[in-house]
Amino acid sequence: MGDIKKRNKINIKSENVKKVDEKSAAKVSVNKGLPLRVLSRSVVIVSLLIVVYYSSKNNVQTFAKQAELLPGKGQIIECSSEYIKDIDKYEGCAPKYCKRFVTDKVISVRETEELLKLAQKGLKYGGSFGGASILDLHSGALSKGQHFVNVYKMDEMKNIFTQDDFNIFKVVKDKIKYTIAHHFGVQPDKLYLTHPTFFSEITSKTAFTVHDEYWHPHVDKETYKSFHYTTLLYLGDYNIDFRGGRFVFIDEKFNSTIEPRKGRLSMFTSGGENFHYVEKVTSGVRYAITISFTCDKKFAINDPSPDNYYN
Ligand SMILES: O=C(O)CCC(=O)C(=O)O
Ligand SMILES: [Fe+2]
């Protein structure tokens with residue numbers, strides 16, 4: 001009996017020794033791990049501070065990346081007072097909120113490719129000396145050299161645009177009109193296509209005339225008086241078909257960029273709340289189409305059609 005007690009005591013003792021050993025081992029490992037953990041945390045914190053420092057210094061945020069397929073991304077912003085004053089006159093056409101909205105799900109790749117073919121077919125006959133050319137299917141204006149020619153009056157361009165070309169323009173325009181109505185909370189029958197509506201082709205060539213200087217910050221409502229809603233449909237991919245050429249909203253705290261993507265539709269209210277510019281294209285060719293809407297019936301234009309050839 002006495003023996004068993006002794007043995008138990010010894011066992012208990014050795015248990016205690018084991019526990020003390022484990023504790024001190026744990027302490028050692030804590031002491032060893034602490035600097036490592038502190039070090040790794042410090043590295044993370046310092047890296048975060050560097051990222052925050054540089055992004056606040058550059059003041060740029062990417063609103064829409066080329067690589068992502070956006071079902072829809074919007075940002076509500078405060079309307080400029082001039083925009084509200086003007087648009088409040090048009091019942092059913094004033095937006096619930098001023099905003100920007102980007103979606104890659106409204107216009108299909110097929111529709112985009114057809115529009116790109118149409119644009120290239122026309123622009124082949126023109127081309128500005130500088131980096132920016134336009135083709136306006138409504139007025140017929142096509143950049144050529146340092147001027148514009150009328151595609152509907154040039155013999156060599158007679159009937160190059162087919163009924164199918166005009167149809168695809170109309171299909172896309174109508175889709176965009178209903179998308180604006182839906183996202184801005186307005187009546188589609190109160191939105192009218194307005195002038196100018198044009199394809200743009202931008203290269204890295206040095207500007208020759210003021211028409212080539214597409215990169216200046218501006219408010220669309222000031223540049224194009226009749227605009228209430230601006231939409232841009234991109235026909236090519238940023239960093240694939242061209243470099244540079246991101247669309248930039250200039251805001252108080254930071255700027256937001258939209259990276260063009262084939263079939264990407266960007267829509268925004270055309271007032272001072274959406275001050276913006278396009279970065280210079282540094283290589284490749286950037287294609288887009290501007291399709292804009294007014295609430296003012298007197299600035300409404302008809303859909304482009306083959307009748308243009310006979311007027
Ligand atoms: O092509 C773009 O992304 C925008 C062009 C633009 O700002 C304009 O035509 O007013
Ligand atoms: Fe603009």
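This report walks through a predicted model of a protein with its ligands, from the metal site out to a few buried loop residues.

## The iron site

Let's start with the iron ion, which is ligand 2. Three protein residues act as its donors: His-218 and His-276, each through its NE2 atom, and Asp-220 through OD. These donors lie 2.1 to 2.2 Å from the iron ion. If you look for them in the sequence, the spacing to search for is H-x1-D-x55-H.

One of the donors, Asp-220, has a relative accessibility of 4%. Buried means under 20%, so Asp-220 counts as buried.

## Around ligand 1

Now turn to ligand 1. Its surroundings include the iron donors His-218, Asp-220 and His-276. Also around ligand 1 are Phe-198, Tyr-224, Leu-232, Tyr-234, Phe-247, Val-278 and Arg-286.

Some of these neighbours come up again when you look at polar atoms. A polar side-chain atom of Tyr-234 sits 2.6 Å from an oxygen atom of ligand 1. For Tyr-224, an N or O atom of the side chain is 3.0 Å from an oxygen atom of the ligand. Asp-220 has a side-chain N or O atom 3.2 Å from a ligand 1 oxygen, and Asp-220 is also a donor of the iron ion.

## Two nonpolar cores

What about the greasy inside? The largest nonpolar core has 47 residues, and Phe-161, Phe-199 and Tyr-229 have the most contacts inside it. Several elements give two or more residues to this core: helix 2 (81–87), helix 3 (109–123) and helix 4 (163–184), along with strand 3 (98–103), strand 10 (229–234), strand 14 (265–269) and strand 17 (286–290). Helix 4 supplies the largest share, eight residues.

Apart from this core lies another one, made of 18 residues. Phe-63, Ile-202, Phe-249 and Val-278 are among them. You have already met Val-278 as one of the residues around ligand 1.

## Strand 9, covered on both sides

Strand 9 covers residues 198–202, and five of its five residues are buried, so the strand is largely enclosed by the rest of the structure. In a regular strand, side chains alternate between the two faces of the sheet. Which residues of strand 9 sit on which side? Phe-198, Ser-200 and Ile-202 are on one side, Phe-199 and Glu-201 are on the other, and all are buried.

Strand 9 also links two of the ideas above. Phe-199 is one of the residues with the most contacts in the largest core, whereas Ile-202 belongs to the core of 18 residues.

How does strand 9 connect to other strands? Strand 5 (residues 132–135) runs antiparallel to it, joined by four bridges, and Ala-132 has Ile-202 as its bridge partner. Strand 17 is antiparallel to strand 9 too, with five bridges joining them. Here Ser-200 stands opposite Ala-288.

## A four-stranded open sheet

Elsewhere in the model, four strands form an open sheet with mixed pairing, in the order 1-13-12-15. Why do strand 1 (60–64) and strand 15 (276–278) count as edges? Each has a single partner strand, so one side of each is left without a neighbour in the sheet. On average, neighbouring strands here are turned by 25° against each other, direction ignored.

Within this sheet, strand 12 (residues 247–249) and strand 13 (residues 255–258) form an antiparallel pair over three bridges. Phe-249 stands opposite Ser-256 of strand 13.

## Buried residues in loops

Loops can hold buried residues as well. Asn-274 lies in the loop between strand 14 and strand 15. Is Asn-274 buried or exposed? With a relative accessible area of 0%, Asn-274 is buried. Its side chain makes a polar contact with the side chain of Arg-100 at 2.7 Å, and the Asn-274 side chain also reaches the backbone oxygen of Lys-99 at 3.5 Å.

Phe-227, in the loop between helix 5 (220–223) and strand 10, is buried at 0% relative accessibility. Val-186, in the loop between helix 4 and strand 8 (192–193), counts as buried at 8%. Val-186 and Cys-93 are 93 residues apart in sequence, but their C-alpha atoms are 5.1 Å apart in space.

Terms used. Residues are numbered from 1 along each chain as its sequence is written. Chains are lettered from A and ligands numbered from 1 in the order in which they are written. This is a predicted model: local features need pLDDT of at least 70, side-chain atom pairs count only at pLDDT 80 or more; totals for chains, interfaces and linings use all residues. Side-chain values use heavy atoms; hydrogens and water are left out. A nonpolar core is a set of buried Ala, Val, Leu, Ile, Met, Phe, Trp, Tyr and Cys residues joined through side-chain atoms within 4.5 Å. Buried means under 20% relative accessible area, exposed over 50%, partly exposed in between (1.4 Å probe, protein chains only). Donors are N, O and S atoms within 2.8 Å of the metal (3.2 Å for Na, K and Ca); water is not among the atoms, so sites may look incomplete. Two strands pair if DSSP finds at least two bridges between them. Axes are lines fitted to C-alpha atoms, for helices over the stretch in contact, and angles run from 0 to 180 degrees between N-to-C directions. A residue is near a molecule or strand if one of its heavy atoms lies within 4 Å of it. A polar contact is a pair of N or O atoms within 3.5 Å; within protein, one must be able to donate a hydrogen and the other to accept it, and residues adjacent in sequence count only if both atoms are side-chain atoms.
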